[in-house]
Every structure is written in structure tokens, then in C-alpha cells.
Amino acid sequence: MSAEKPNYSELQQGDTITVTLDQILPTQAVMSYDLEYALLQSYKSNEKAMFNKLCKLNGGGSVKDWGEKSNPTDLESFTCAKKLGSQTQDLAKVVVGPKEGLLFLTTQHHTLSSFWDMPNGGTNVPVMLKVSHNLLDSGDDFWAEMSHDNTVWLFGAKGKKISPSDLPEFIGSKQLKEDKFLALAFFLQGISYDLPQKQTNPNTNEPYAVVPYLAYQWSLALREKMNVENYNFNDRDDYATALTEAATVMTDLAADTLIGKSDKTAIEMGQFQEVNSKALEALITNKNSNWYLATEYRIQKKKKATPKKIQEEQEKQKALEEKEKAE
């Protein structure tokens, strides 16, 4: 199955198309590098994990068969458990428009970026996508409609408002900027907050409403309350301390605090009354958690970029500091 050259004017809601990654435009300027790092580390340590993810994001469930000649750039070189495209709920979504040839990605930025950035991936990796809307005829109203539908995140790496013209031209870490607050917010789901729809409003006995860009809104709230530059994310202990502070910041907010740029209060955004300490400990200590995988990728990445002599000096200094603490 190869990438297509669809007639964009004929695409309708629910249609599926296959394109290469370089044909997709992002609808956000930032991402959590650590969410992508967790994926890249899992691919690095287990090739099956990579093909599982490729199958899933192409609507084929899990991987069934792959071999030495299998390649992410060729969907026919490996076999998935289900027919490609059959599991439409797993496909990333795109909006068509406002001009012919433009496809704006509205979901799965991190996973598709990992396909772009992994060593055997790149711009030519084909992916199946689901069309959520065709706004080819929207003209100057395109971005107003995107904002109304909550399918674009117009905030930059410093948490400041940006315009659509500031959005990058491609996905991947070379174009999307790192937002460490976003990483904290993503990792803390289930620890200091959860999906609002999982919780019940005591006044109505109904679940709270689904909130678009939930973690992104929480990241803006964290940015107002802590300085992430105080922490070294390449040091696992320091990063764990940052997570602990962020979790406490979130649960300590008054329940009626408006979060980020939303019109929702903390309780409406899934806030917990207290930090789930057991879940936090599991995140930090479980070597299979996304956070642990991300930190492992960070550590290895730093080692590759650091001269051996400096590495040895850093390791000696750290061993000395740990010895002094023990005494």
C-alpha cells in the first residue's frame, strides 16, 4: 500500500487516505519531547513495539508478522493482525483545507513525530488518516472554524499566544518545540488529575464534560506556578522531584481556579483532591513506565553528546555526592 494523491475537493468526513508524513501539517507548535522519547526508547529496545505502533496507527491492530526485510516506509513489508484501515478509531485525524493539497493533523502529533524521528523512519513513512472535516471552501474563515472546533493549539514554547502563521511546516522534533511543562502534565494524568469524564459532578450526578487539549491547559497552569528551569530533566532524580512539585501544585489549587486559557475550573478539569502517591511512585520506579523510558532515552542521548572524559568526571562527582549523603 503506497501513499495516495487524493482529489482533496472530493474528500468527505470519515474518508480514509494514505499519505507520507511530509504531506501533513501540524496544528500545534509544541510537544512533549519526553512522550516521543518514551516511544523512541520502546522502539529501540523492542522492534515489535515499533511495528505494533505502526499497525495500530494504520488501523490494523497489532503486528502479526515482520522480518529482516520489513521497513516502516513500506506498509506491505509487514503484516498486521487486522486489515489496514479497518480499525478506524485508531487512525490519526486530519482536516482538509483551506487550499488544495493541505492536510492539517489534529491528533497523534507525538506518535507520528516518532515515526518521523526514528532512525529507520523519516519523511517517507506512509500513514493512513481519517478525514474529520473538509474545509477546503472555508477560505479566510478556516482558522476561525478550527479554533471553534478546538482542533488547533495556538500557544508557543513559552506559553504565549501565537498566530496560525507561526505553526511549523512539518511534524517531528526538528520543527515542534519542546514544552517541559507539557511533559509534566501528560505524565501526571492519573496522579494529580484525570480525564474529567471519568469523574462525576456532585451537583448533577453526571460526568464532567470532555475537555479538548486537557494536558495542554494544565501545562499553562503549571507554568504560572513553578519554574521548570530549576530542574535538570537529564537527571532522573531531579526530574522526579519536578514531577512531585508539579503534582502538588495541581492538587493544591483551589477547586474553582480557572485552568490555563480554558473557562473550566480545576475540578472540571479532573483535579484530584490529593496526589495519588502510589501512582506517582509507580511512574518513577517502574522501568516500563513511559516516564522511565523517556528518561532512559534522555540519559543515553546525553551520553552520546558528552565527551568520554567529561562523562567520567561527572560520574565520579555523582558517586562522591551519593557517598557524602550516605554518610
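1. Asp34, Glu178 and Arg298 are joined in a network of salt bridges. The model is a predicted one. In total, six salt bridges are present in the structure. As background, side chains of opposite charge can pair when their charged atoms come close. The other pairs are taken in turn below.

2. Start with Asp179 and Arg223. Their side chains form a salt bridge, at 3.2 Å from N to O. Asp179 sits in the loop between strand E9 (177-178) and helix H5 (180-187), and Arg223 sits in helix H6 (residues 214-225), so this pair ties together parts that are 44 residues apart in sequence. How exposed are the two partners? Asp179 is buried, with a relative accessible area of 5%. Arg223 is partly exposed, at 24%.

3. Asp179 has a second role to note. Its side chain caps the N-terminal end of H5. A side-chain oxygen of Asp179 lies 3.0 Å from the backbone nitrogen of Phe181. Asp179 therefore appears both in the salt bridge with Arg223 and in the cap of H5, and Asp179 is a buried residue, being under the 20% cut-off.

4. H5 itself is mostly covered. Six of its eight residues are buried. They are Phe181, Leu182, Ala183, Leu184, Ala185 and Phe187. Which elements cover them? The cover includes strand E3 (30-31), H1, H6, H7, helix H8 (277-285) and H9. H6 is also the helix that holds Arg223, the salt-bridge partner of Asp179.

5. Next, Arg236 and Glu296. Their side chains meet in a salt bridge of 3.1 Å, N to O. The pair links distant parts of the chain, with Arg236 in helix H7 (residues 236-252) and Glu296 in helix H9 (residues 290-305), 60 residues apart. Arg236 counts as buried, at 19% relative accessibility. Glu296 counts as partly exposed, at 24%. Arg236 falls under the 20% cut-off for buried, so the label holds at 19%.

6. Lys198 and Asp194 make another salt bridge. The closest N and O atoms are 3.7 Å apart. Which partner is buried and which is exposed? Lys198 is exposed, with a relative accessible area of 55%. Asp194 is buried, at 14% relative accessibility.

7. Now the packing of helix H1 (residues 33-45) on H9. The angle is about 80°, and the axes are 7 Å apart. That makes H1 roughly perpendicular to H9. From H1, the contact takes in Asp34, Tyr37, Ala38, Leu40, Gln41, Ser42 and Lys44. From H9 it takes in Asn290, Leu293, Ala294, Glu296, Tyr297, Arg298, Gln300, Lys301 and Lys304. By type, the contact residues divide into six nonpolar, four polar and six charged.

8. Some names recur at this contact. Asp34 in H1 and Arg298 in H9 are among the contact residues, and both belong to the salt-bridge network with Glu178. Glu296 is also in the contact, and its side chain meets Arg236 in a salt bridge.

9. Last, the loop between H8 and H9. Ser289 is found there. Is Ser289 buried or exposed? Ser289 counts as buried, at 10% relative accessibility. Its side chain reaches the backbone oxygen of Leu283 at 2.7 Å. Leaving aside neighbours within four places in sequence, Ser289 is in contact with Ala282 and Leu283.

Definitions and conventions:
Residues numbered from 1 in each chain as written. Predicted model: local features only at pLDDT ≥ 70, side-chain atom pairs only at ≥ 80, totals over all residues. Heavy atoms only, no water. Salt bridge = Lys/Arg side-chain N within 4 Å of Asp/Glu carboxyl O. Helix = DSSP H or I, 4+ residues; strand = E, 2+ residues; numbered from the N terminus. Buried < 20%, exposed > 50% of the residue type's maximum accessible area, 1.4 Å probe, protein only. Axes fitted to C-alpha atoms, helices over the stretch in contact; angles between N-to-C directions. Parallel < 35°, antiparallel > 145°, perpendicular 65-115°, else oblique. Contact = heavy atoms within 4.5 Å. Nonpolar A, V, L, I, M, F, W, Y, C, P; charged D, E, K, R; others polar. Polar contact = N/O pair within 3.5 Å; in protein donor to acceptor, adjacent residues only side chain to side chain.
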